[in-house]
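Let us walk through this fold together, starting from one residue and working outwards. Keep the 3D view open as you read.

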Amino acid sequence: MTRAPADVMIVYVLTEPVDDFTALTPLPDWISADPVPHTHWALQAILALADAADYVHWDGDMRHLPSGGAVIAPPDTHPYLVIKRDNNGTTFVVSDAEIPGLTDTVERSTRTERRPIGTWTHPTSRDIPTLLQPTHPNLAAGPAPPF
């Protein structure tokens, strides 16, 4: 297996639609196994497909949620995402490494730059200190204003 540079995603268009997803994991199940890194990677894969849309003829539609798999190349594993269009079933595979087993089934492929996405979650109200605290002892503490 040839390793792609770390800043590249590879988008494959298969010659035949994939109809059997038995060996793949539904995207929600794959994400729930390790939410932060898996969500991060899945977003990068979908953005790579969007970036390659003109070349691979993807209009943004999906027949169902994507599924995931992994290529094992000891000592590493490399995830890939399988997306099926709701047209005639055109199937796309997106990975951060070349997948040699696809060689005979690829109509076309392209490389896109991996989009930078932070791997941390945004702050919530629990993370932000209260802005309005009573400063005078005679002021009753009440709920914070709704802004």
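Contact here means heavy atoms within 4.5 Å. With that in mind, please pick out Val 11 in this predicted model. Once its neighbours within four places in sequence are set aside, Val 11 is in contact with Ala 48, Leu 49, Ala 52, Val 56, Val 93, Val 94, Arg 108, Ser 109 and Thr 110.

Several of those names come back when we look at the interior. The largest nonpolar core has 18 residues, and Val 11, Leu 49, Val 56, Trp 58, Ile 83, Phe 92 and Val 94 are the ones with the most contacts inside it. Two or more residues each come from strand 1 (8-14), helix 1 (27-33), helix 2 (35-51), helix 3 (53-56), strand 4 (76-84) and strand 5 (91-95). Helix 2 is the greatest contributor, giving five residues to this core. There is also a second, separate core of twelve residues, with Ile 10, Phe 21, Val 93 and Leu 102 among them. In soluble globular proteins, nonpolar side chains tend to be buried together.

Now step back to the whole chain. Its secondary structure comes to three helices and six strands, and along the sequence they follow the pattern β-β-α-α-α-β-β-β-β. Of the 147 residues, 35% count as buried. Among contacts with a separation of 6 or more, 70% are between residues 24 or more positions apart.

How are the strands ordered in the sheet? The six of them make an open sheet in the order 2-3-4-5-1-6, with antiparallel pairing. Strand 2 (25-26) and strand 6 (106-113) are the edge strands, each pairing on one side only. Starting from strand 2, its antiparallel pairing with strand 3 (residues 67-73) runs over two bridges, and Pro 26 stands opposite Ser 67 there. Strand 3 is then joined to strand 4 by seven bridges, again antiparallel, with Gly 69 facing Tyr 80 across the pair. These two strands form a hairpin with two residues between them. Further along the sheet, four bridges join strand 1 to strand 5 in the antiparallel sense, and Val 13 stands opposite Phe 92.

Helix 2 brings sheet and helices together: it lies across strand 1, strand 4, strand 5 and strand 6, and runs at about 50 degrees to strand 4. Helix 2 also takes part in the one aromatic pair that the structure holds. The rings of Trp 30 and Trp 41 have their centres 6.0 Å apart and their planes at 75 degrees, so the pair is edge-to-face. Because Trp 30 lies in helix 1 and Trp 41 in helix 2, the pair ties together parts that are eleven residues apart in sequence. Both Trp 30 and Trp 41 are buried.

To finish, have a look at Lys 84 in strand 4. Is Lys 84 buried or exposed? Its relative accessibility is 4%, and buried means under 20%, so Lys 84 counts as buried. A polar atom of the Lys 84 side chain lies 2.7 Å from the backbone oxygen of Val 18. Leaving aside neighbours within four places in sequence, Lys 84 is in contact with a set of residues including Pro 17, Val 18, Asp 19, Phe 21, Asp 61 and His 64. One of these, Phe 21, also belongs to the second core.

Note on methods: Residues are numbered from 1 along each chain as its sequence is written. This is a predicted model: local features need pLDDT of at least 70, side-chain atom pairs count only at pLDDT 80 or more; totals for chains, interfaces and linings use all residues. Side-chain values use heavy atoms; hydrogens and water are left out. A nonpolar core is a set of buried Ala, Val, Leu, Ile, Met, Phe, Trp, Tyr and Cys residues joined through side-chain atoms within 4.5 Å. Buried means under 20% relative accessible area, exposed over 50%, partly exposed in between (1.4 Å probe, protein chains only). A polar contact is a pair of N or O atoms within 3.5 Å; within protein, one must be able to donate a hydrogen and the other to accept it, and residues adjacent in sequence count only if both atoms are side-chain atoms. Two strands pair if DSSP finds at least two bridges between them. Axes are lines fitted to C-alpha atoms, for helices over the stretch in contact, and angles run from 0 to 180 degrees between N-to-C directions. Rings of Phe, Tyr and Trp (its six-membered ring) pair if their centres lie within 6.5 Å; planes under 30 degrees apart count as stacked, over 60 as edge-to-face and the rest as tilted.
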